[in-house]
Amino acid sequence: MTTSSSVSLLGGRAWRAMLALGLTVLLSACGFHLRGTNGSFMLPFATMHISLPDSSPLAIDLKRYIRAVGSTEIVDTKDAADADFEVISDPEKNRTKTILTLNSTGQVTQYLLAYTIIFRVTDRAGNQLLGPTTITLNRPINFNSAQLLAQETEEAGLYRDMRNDMVQQIMRRLAAIKPVLPAMSVAPVTPVTPVAPVTPAVPAVQK
């Protein structure tokens with residue numbers, strides 16, 4: 001009897017482990033590395049607007065992550081959102097590639113890739129929930145002029161890795177926001193005119 005219970009318990013644990021592994025693999029296939037899905041990334045907004053073009057790789061990844069780990073709904077307009085994620089500097093338009101090292105003959109041997117975003121978050125009343133915030137990520141990449149195609153593939157992979165990392169960092173900052181509740185306006189109370197009590201009628205006694 002004890003052996004049967006132990007086997008059943010082990011089977012249940014194995015099933016839960018397989019299910020968790022399956023969910024992790026599914027989201028990882030979408031480009032995510034799940035760090036902090038224990039609830040620390042749950043956003044304090046019911047609805048949110050992302051002010052990036054729908055075709056933006058960062059917008060696609062960020063929206064997918066938000067939908068995957070929480071109950072926040074992504075809406076199309078900021079007027080309908082509890083929070084507006086306003087991008088001040090789009091990282092896809094501000095990628096940089098600078099020389100990092102040269103060899104003895106003055107040829108480039110390594111570049112430094114940079115991926116930077118500046119954003120802020122406001123609520124529908126215009127309150128600033130998170131002031132302008134800058135996130136900059138860097139990756140070094142070796143350069144070999146004889147392998148240009150391979151270099152392009154590696155560079156694209158590094159930018160994709162930085163984008164995934166940036167989504168994680170953005171989510172951490174969004175999850176830490178404390179919403180500012182707007183002042184509630186209360187309608188004035190209309191004075192109530194006192195009404196004289198009504199004396200119940202006493203039935204007449206028949207003689």
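**Exercise 1. Determine how α2 and α3 are oriented to each other, and which residues bring them together.**

Solution. The helices α2 and α3 lie oblique to each other, where angles under 35 degrees count as roughly parallel, over 145 as roughly antiparallel, 65 to 115 as roughly perpendicular and the rest as oblique. This is a predicted model, in which local features need pLDDT of at least 70 and side-chain atom pairs count only at pLDDT 80 or more, while totals for chains, interfaces and linings use all residues. Residues are numbered from 1 along each chain as its sequence is written, and side-chain values use heavy atoms, with hydrogens and water left out.

Step one is the geometry: the axes of α2 and α3 come within 10 Å and cross at roughly 50 degrees. Step two is to list the residues that meet, which include Leu62, Tyr65 and Ile66 in α2 and Met166, Val167 and Ile170 in α3.

**Exercise 2. Place phenylalanine 85 in the sheet and in the nonpolar core.**

Solution. Begin with the strand pairs, two strands being paired if DSSP finds at least two bridges between them. β1 and β3 pair in the parallel sense over four bridges, and in β3 the partner of isoleucine 50 is phenylalanine 85. β3 and β5 run antiparallel and are joined by six bridges, with phenylalanine 85 standing opposite valine 121 in β5.

Next, consider the surroundings: five of the seven residues of β3 are buried, so this strand is largely enclosed by the rest of the structure, buried meaning under 20% relative accessible area with a 1.4 Å probe and protein chains only. Leaving aside neighbours within four places in sequence, phenylalanine 85 is in contact (heavy atoms within 4.5 Å) with residues including Met48, Leu62, Ile117, Val121 and Ile170.

Finally, turn to the largest nonpolar core, which has 37 residues and counts Phe85 among those with the most contacts inside it; such a core is a set of buried Ala, Val, Leu, Ile, Met, Phe, Trp, Tyr and Cys residues joined through side-chain atoms within 4.5 Å. The helix α3 gives the most to this core, with nine residues.

**Exercise 3. Describe how β5 and β6 are joined, and find what glutamine 169 touches.**

Solution. β5 and β6 pair in the antiparallel sense over 12 bridges, one of the bridge partnerships being that of tyrosine 115 with leucine 137 in β6. The two strands form a hairpin with four residues between them, and glycine 126 in the turn has a positive phi of about 90 degrees.

Glutamine 169 has its place in helix α3 and is buried, with a relative accessible area of 17%. Apart from neighbours within four places in sequence, glutamine 169 is in contact with Ile135 and Leu137.

Conventions:
Buried < 20%, exposed > 50% of the residue type's maximum accessible area, 1.4 Å probe, protein only. Axes fitted to C-alpha atoms, helices over the stretch in contact; angles between N-to-C directions.
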